[in-house]
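These are my notebook entries on a single structure. I set out to look up its sheet, the helices that pack on the sheet, and its internal cavities.

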Amino acid sequence: MEEGREFQLPETMTDDEIARLGILVSEVPHAPLPLPRYACEIMLIGITDDEVLERALRNSAPHPPFYQPGSAASRREGATAVYWWNLLALLLAPGPGHRRSRSMAESAGKRPPASAPASSGMATKLSIVLFVTLSVLLYQQLQPPPPKICGSLNGPPVTAPRTKLKDGRHLAYLESGVQKMKAKYKVIFVHGFYSCRYDALPISPEVAQELGIYLLSFDRPGYAESDPDPAPSEKSIALDIEELADNLKLGPKFHLIGFSMVGEIMWSCLKYIPNRLSGVAILGPVGNYWWSSLPSNVCRDAWYQQLPQDQWAVWVAHHLPWLTYWWNTQKLFPPSSVIARSPLLLSEEDAMVRKKLGLRTYTPTIRQQGDYNSLHRDMMVGFGKWDWSPLDLEDPFAGGEGKVHLWHGAEDRIVPVGLSRYISERLPWVVYHELPKSGHLFPLDSEKADAIVKSLLLGDQ
């Protein structure tokens, strides 16, 4: 048999034998790589076709798991698969100590030895593939899922009245108290972290009627039934509040009350829409530890009053905001204790308030559009990089037409009281109320809620 001559398959060969003889060039069209080493045997001069067939069948690799004998097309596919299967087996075969037949040794002896760089090159390629694969998997873990927009296909239903903003987003809202047209005071309440429009300040019906209070609460962007803001900031929520008031025709001015995580957004409203405000009450406000003009000792004392896991969660939200979603969903480290709703955060009074309120049946709807667009973005904005500080603000009510009230519980285990104390000392136009026995949930107590709204609307008496 001459080297390079096309080998003709005997007509008596079975499909199984043809597949095992997948090393022939005539059955592997345009094979881009050289034949396996033992293929050289069947090209040796002086042996018959029967010997070629016998040797090839004897030396061929086992069937690949995806081979199935059948038509001529499947025979060609099987031959091609076996060719690559044999080549892979040879690449992974042991080194010089591996036992080979004499004919294979003779054939190999006629070839130049494989160079070391070839093995090194293969290791480099495998390393690159592994690196790319791990990078893709890591990227997928860091990316939050898309939000489940209310009213969209496969999204939660819309059950609340909503108003449309200029950019096309919707805000869901809830009205309570006296009728808007008959109200003496129009008050907008902005809920805190892990809350929604139903968590409005629990003003008693008697006080609402007595003072003529119309109370408007709404789902902040990404919470419950309000559309997420694709680019939220401390300024954007202030402008959302202004547009909400305009859409619902609250008039040129209104009072504003914000709780917890939104406490710091109240400072944004004082900066960006002061001309629309008649007065502001800030309740148990979260502070940004990186605000300029805050002394390091004040920040340090407040920082270490947090649980270690909250220190890490806040640090990530500020320095690595793109990691916030992963950090609060992974299982390797404890996430934010506030998101986990840890009982360690409750003071004695907080535990009593929560027990009195009972189970919030609407809790599942709060995060129904996804944690990232509600809880995580709250953290990214609240603890993000601000280019200004509340300590830089001037009195928005210098003419005496309104007041800014700041309330904080001395036993607050969620938001350390130290920052509020310092801010109230630095800003003499802020009326500060510290509740010595209260924790973080004091605004949810109806008696304290009545005291808060009376102080805001009537002044301290």
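Across which strands does helix H8 (residues 263-272) lie? I worked on a predicted model, and there I found that H8 lies across S3, S5, strand S6 (277-283), strand S7 (404-409) and S8. Its direction runs at about 160° to S6. I then turned to helix H15 (residues 418-426), which packs on the sheet and touches S7 and S8. The direction of H15 makes about 150° with that of S8.

**Entry: the sheet.** I looked up the strand order next. Eight strands form an open sheet, ordered S1-S2-S4-S3-S5-S6-S7-S8, with mixed pairing. At the edges I noted strand S1 (162-164) and strand S8 (430-435), each of which pairs on one side only. From one strand to the next, the twist averages 25°.

**Entry: strand S5 and its partners.** I checked S5 on both of its sides. Strand S3 (residues 185-190) runs parallel to strand S5 (residues 254-259), and four bridges join the two. Within this pair, I found Ile188 opposite Leu256 and Phe189 opposite Ile257. Six bridges join S5 to S6, and these strands also run parallel. Here the bridge partner of Phe259 is Leu283 in S6. I traced the connection as well: the chain passes from S5 through H8 to S6, and this β-α-β crossover is right-handed.

**Entry: burial of S5.** Is S5 mostly covered or mostly open? I recorded it as mostly covered, with six of its six residues buried. I recalled that in a regular strand the side chains alternate between the two faces of the sheet. I therefore sorted the residues of S5 by face, taking under 20% relative accessible area as the cut-off for buried. Phe254, Leu256 and Gly258 are buried on one side, and His255, Ile257 and Phe259 are buried on the other. Both faces of S5 are thus listed as covered.

**Entry: cavities.** How many cavities of 30 Å³ or more does the structure hold? I counted two. The largest has a volume of about 230 Å³. Its lining comprises 20 residues, of which Arg220, Pro232, Ile237, Asp378 and Val381 are the closest to its centre. I then asked which helices each supply at least two residues of this lining. They are helix H7 (234-247), H8 and helix H14 (372-382). The largest share, six residues, comes from H14. I note that H8 thus appears twice in these entries, in the lining of the largest cavity and across the strands of the sheet.

Key
Residues are numbered from 1 along each chain as its sequence is written. This is a predicted model: local features need pLDDT of at least 70, side-chain atom pairs count only at pLDDT 80 or more; totals for chains, interfaces and linings use all residues. Side-chain values use heavy atoms; hydrogens and water are left out. Two strands pair if DSSP finds at least two bridges between them. Axes are lines fitted to C-alpha atoms, for helices over the stretch in contact, and angles run from 0 to 180 degrees between N-to-C directions. Contact means heavy atoms within 4.5 Å. Buried means under 20% relative accessible area, exposed over 50%, partly exposed in between (1.4 Å probe, protein chains only). A crossover is right-handed if, with the strands pointing away from the viewer, the path from the first strand over the helix to the second runs clockwise. On a 1 Å grid over the protein atoms alone, a cavity is a set of points where a 1.4 Å probe fits but cannot get out, and a pocket is an open set with protein on both sides within 12 Å along at least five of seven lines; lining residues have an atom within 4 Å of a point. Grid points are joined across faces, edges and corners, and a volume is the space filled by probe spheres set on the points.
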